[in-house]
Structure formats: C-alpha cells, structure tokens
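Please open the model in your viewer and keep the selection panel at hand; the tour below moves from one selection to the next.

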Amino acid sequence: MAGAEADSQFKFTGIKKYFNSYTLTGRMNCVLATYGSIALLVLYFKLRSKKNPAVKAS
Amino acid sequence: MNENLFASFITPTMMGLPVVIIIIMLPSMMLTSSNRLLSNRFHTFQQWVVKMITKQMMSIHSPKGQTWCLMLVSLIIFIGSTNLLGLLPHTFTPTTQLSMNLGMAIPLWAGTVFLGFRHKMKSTLAHFLPQGTPIPLIPMLIIIETISLFIQPMALAVRLTANITAGHLLMHLIGGATLVLTSISPPTAMITFIILVLLTILEFAVALIQAYVFTLLVSLYLHDNT
C-alpha cells in the first residue's frame, strides 16, 4: 500500500497536519481521537452514576 | 408436515452420542492422499482441483498472505464437499448449523484482523476512515466502519447458513408438493417435478458458489490486512 509516498503530496499545516481524512497519519489520528472521545464519554457517565446513586423508593 | 420439514436440521445422535463429528470428518475421509508422483484418476483430478483453486485464490496475495494457502484451500474444499454431500437424500448437512459456520467465520476473520493490527497497525486503523471524507461526517463514518467490521463474521456465517438451509427447505417443500399432487393432478405434479429438478441443479451450483464466496471473502479480508 502506498502510504508515505501518497502522504507527501499533501501539504497540510497546523492541526490539519495531524487530523485530516487524506493522509494515513491523519486518518489514523482521527480514528484514535473518535475512539478516545467515546471512551471518555463512557467513563464520564459511569463515574457520574457512581457519584449520584439512585434514590430508593420510600 | 411441520415437524418433518425441520427434522433434517436436527443434529443427529446415535444411542445418545453425537455423530456430527464423524459427519464433519466424512469429506476428509473421502478425499484421499497419495505418496506416488503419478496416482490414479481420482487423485489426479483431486490434485488438478487443488492446483486450480490455489492459483485462482492465492495469486493476489503477498508472500505473507500466501502463508494462509493451506487454510484457505482446505476451507473451500471442506465447505464445497460438505455442501455437495448434503444434497444427497436423508443426509445431514453440517453447514446448515449456524454454530458450525460461526465457528469457522469468527476465528478466520479475527485472525485476519489481528494480523492487520500486528503488522500494519497504522494502515489498519486508517482503514476505518475512507479517504476524502468531509470533516462533519468523520466521527459518524468511523462508528459505521467499526460496526461494519464487526458485522463481517456474522454476515459470513449467516450467509452460508441461510443459503444452504433455504435450499434444503425448498427442495423438501417442492418434493412434498410433487408427491401430494401426483394423486390429485398428474400434469401439475409433472410441472412441480420439473421445478424440483431445476432447483436441484441450482442447489448444486449454490453449494459450490457459497463455498467459493465464503473463502473469497476470508481471502479478501486477509488481503486487506497483509
């Protein structure tokens, strides 16, 4: 698979250099960022539910 | 009638012991090996089939992918021979069982995925995002691609199960209808019988095609990951 050779034709700057949908590195970083965000969301809701336990019916 | 229709899909037992293991081993017992350079007609034909399959399936692969040659050729011969043997009357077809097909699909698919993550981590991860995706669609497409990855082994197994089971059921139904119509209306029974013959020919083709499709898809997953 032409990875590095195809990537060199794109000249991105700034954050687009690391997060874009054209280069191999950019696509990989986008995928990892999405998975990381989902994991953080799940962790946040899990910890929030532990902090506020369900109110028992009286 | 209802009970008879699905009776052929029940895992056979003999005196309480499952004989399905012997049934699964049957194709390998029928396909012989020889230590001679030039063997008999049957074995020569067998060798020709294996050579044709190897050339057809393995030519697209890299050397790393070609290490799976034995696995893939064995797979297509096993599924093909099992499906063909199942077309004989009163036989049990192991590939109608979802458990068996999942048992083949999941380890093979998982093997290709792990191979991809082990040897081409960057490329495998980048595969989850098609090139040129617009920025607002990126997260959604990554989730969709992940789901489609996990659906692959399910689709492999269910495709084979459904095709073979549906074919067998249809043959059962149309055969039963032909039998019943013989006493009611012989001309209609004749038409139904012709349909049954055509369906049987179709089922022979489906048996081989489904084996080819299963193996081809595993081969494609392997090619993507090597």
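In this tour, contact means heavy atoms within 4.5 Å. The model is a predicted one, and its scores are ipTM 0.78 and pTM 0.88.

Begin by selecting the residues of each chain that touch the other: on that criterion the contact draws 16 residues from chain A and 17 residues from chain B. With both sets shown as a surface, you are looking at a buried area between chain A and chain B of about 1500 Å², to which carbon and sulfur atoms contribute 72%. Now narrow the selection to A:Ser21, A:Arg27 and A:Tyr35, which together account for 33% of the area that chain A buries against chain B, more than any other three residues. Colouring the side of chain A that touches chain B by residue class then gives 10 nonpolar, 4 polar and 2 charged residues.

How many salt bridges are there between chain A and chain B? The count is 0, whereas 7 residue pairs are found in polar contact across the interface of chain A and chain B, with both residues at pLDDT 80 or more.

Next, select residues 26-45 of chain A, which an unreviewed UniProt entry annotates as "transmembrane region". In the model this stretch of chain A is 100% helix and 0% strand, and its end C-alpha atoms lie 29 Å apart.

Move on to chain B as a whole, whose C-alpha atoms fill a box of roughly 70 × 55 × 40 Å along the principal axes. A cartoon view of chain B should show 8 helices and 2 strands, and when followed from the N terminus the elements of chain B come in the order α-β-β-α-α-α-α-α-α-α.

For chain B, the unreviewed UniProt entry lists several stretches under "transmembrane region", among them residues 67-86 and 193-222. Select residues 67-86 of chain B, and the chain there is 85% helix and 0% strand, with 30 Å between the end C-alpha atoms; select residues 193-222 of chain B instead, and the chain is 100% helix and 0% strand, with the end C-alpha atoms 43 Å apart.

Finish by colouring chain B by pLDDT, for which the mean is 91, with 99% of the residues of chain B at 70 or more. Among the elements of chain B, helix α8 (residues 186-225) has the highest mean pLDDT, 95, and helix α1 (residues 2-7) the lowest, 71. Where pLDDT is low, the predicted coordinates should not be read in detail.

Definitions and conventions
Residues numbered from 1 in each chain as written. Chains lettered and ligands numbered in written order. Predicted model: local features only at pLDDT ≥ 70, side-chain atom pairs only at ≥ 80, totals over all residues. Heavy atoms only, no water. Buried area = accessible area lost by both parts, 1.4 Å probe. Salt bridge = Lys/Arg side-chain N within 4 Å of Asp/Glu carboxyl O. Polar contact = N/O pair within 3.5 Å; in protein donor to acceptor, adjacent residues only side chain to side chain. Nonpolar A, V, L, I, M, F, W, Y, C, P; charged D, E, K, R; others polar. pLDDT = per-residue confidence, 0-100. Helix = DSSP H or I, 4+ residues; strand = E, 2+ residues; numbered from the N terminus. UniProt positions renumbered as here; feature names shortened; annotations may be inferred.
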